[in-house]
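User: I have a model open and want to learn how to read its strands and helices. Can you walk me through a few features?

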Amino acid sequence: MRNIVCTALCVFLIGLAHAENYKNTIQRLTSAGSLHSPVSVSRVYEKMPAPIWNAARMESLLQAIAGSASHGLEPADYHLGVLSSPGNTSERDVYATDAYLTLAGHLLGGRIDPVSLEPTWTAKGRERDLPVYLMETIDTVSPAVSLEQLAPSQPRYARLRDALAHFEKIAGEGGWPTVRGSGLLKPGHHAAWVPSLRARMRASGDYNGTPQEATLYDAELVHAVKIFQVRSNLEPDGIVGPITLKNLNQSAQDKVNKIKVNLERWRWLPDDMGYRHIRVNIADYRLEAHEGTNVKEIFDVVVGRTYRQTPIFSANMSYLVLNPWWEVPRKLARQDLLPKFQKTPEIIRELGYHILDSQGQSVDPYAVDWKAIPAARFPYRVRQEPGGKNALGRVKFMFPNQHEVYLHDTPSRDLFAKVRRDFSSGCIRVSDPMDLAAWVLKATPGWSEDKVLDVVASGRETSVRLKDRIPVHLLYWTVVVNDETGDIRFIEDIYERDDKIWAAIQNR
């Protein structure tokens, strides 16, 4: 009996010594600034007997760290050098735990806080108590498997990982040649740099024709450039100017970096975006109506100009308005409408604008000396009545938010014929708004398509509250996936946001 008690006591004392040793190791490494997640690491060792990382677990962890590169992450960020060295010390064990928790956090929610780069960001990302997750999974699945399970599960994320491997291979083999051109190259013209353009298009698989003349920008090459322009969301005019040239001269490594930026954006998002939800890709001028894993409807959209950018955020659509009045935001009234009123006061009545004073009383627009009103002290409210000339068209879709941004119809239908469609003041104009209204109202009883059309025909402003709120996600992707073919497109970064994210990734 005495031997049993002594043995138990020895085990207990050894355990205390181990615990104290690991506690001291954590404190020392934390003081040296060597740990990324010291608080979480301490929580693990307070609950689990040390050492944690036997040979099999360490091998699996090293496999996961090496595999982090396929997610666009950098293996060196996860103590790869220390963990690759032989030995079985308390310091190596603590580094392994820190590496696991740090990589887990990056796979789960991204390595950059989106709010630090996108102040309007409101999408609720994926969250887990990662020390608890490690402790719950360490004995049931390998570290490599448990880490992989934290990455986004969406098929488009997986396709971007495939594309990353593809373009890393191209970059490793030298990529494609740079086109050293200038000015405007138009169809049928000659230029000394046409051979380099042809070589660039051939190297990326966009052209396999036979040139008529070495320096002639011939029909086959023009056709290849037009396809490239469409894929890049540029006007497909076949003219190689500064913007097309800039996109052509993105190297294979530039494409790799761009994919890594977009993989990071995916990690910022929740797994559950809502069963019925709307996604707008601002950079692609595209709205998707999702039901579960299926895209049910696709619409072209017009988004904010570069100096009035559509913000990135998520909110819930709760109602829509048929035949809406437009309450013109004060900023737009001052900056956009006042100069028009000063130049041509007649448009106030022609376009159905109503002028109200601060008490909401109607003001005769012809009794106002518009040229005497400074923009900084614009004293009126401006509203536009429903009708064919109303800036919001026949319907607006409301998801209340601090930015006063929403989806709506527009009388300016000609804008949808353009490839680049950044023409609004921040709100999003929809190409087929009545079709979108039919999809939105599908789950709201009593609102058939015929009833919607009858209300629109009446001209009366009518609000319709939705039976179930619909999440709306305004997002920004510059590498997009075709769900049917699996192909990807690199599109114009209209708001120049990629470089900021890439710089933050580089400054890890």
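**Strand pairing and helix packing**

Analyst: Start with one bridge: Ile 278 has Val 472 in E13 as its bridge partner. This is a predicted model, where local features need pLDDT of at least 70, side-chain atom pairs count only at pLDDT 80 or more, and totals for chains, interfaces and linings use all residues. Residues are numbered from 1 along each chain as its sequence is written, and side-chain values use heavy atoms, leaving out hydrogens and water.

User: In which sense do E1 and strand E13 pair?

Analyst: Two strands pair if DSSP finds at least two bridges between them. Strands (E, at least two residues) and helices (H or I, at least four) are DSSP runs, numbered from the N terminus. E1 and E13 (residues 462-475) pair in the parallel sense over 4 bridges. E1 also joins strand E2 (residues 286-291) by 6 bridges, and these two run antiparallel. Asn 281 stands opposite Arg 286 in E2.

User: How many residues of strand E1 are buried?

Analyst: In a regular strand, side chains alternate between the two faces of the sheet. Buried means under 20% relative accessible area, exposed over 50%, partly exposed in between (1.4 Å probe, protein chains only). In E1 (residues 276-281), 6 of 6 residues are buried. Arg 276, Ile 278 and Val 280 cover one side; His 277, Arg 279 and Asn 281 are on the other.

User: At what angle do the axes of helix H13 and helix H18 cross?

Analyst: Axes are lines fitted to C-alpha atoms, for helices over the stretch in contact, and angles run from 0 to 180 degrees between N-to-C directions. H13 (residues 252-267) and H18 (residues 498-506) cross at roughly 85°, their axes coming within 10 Å.
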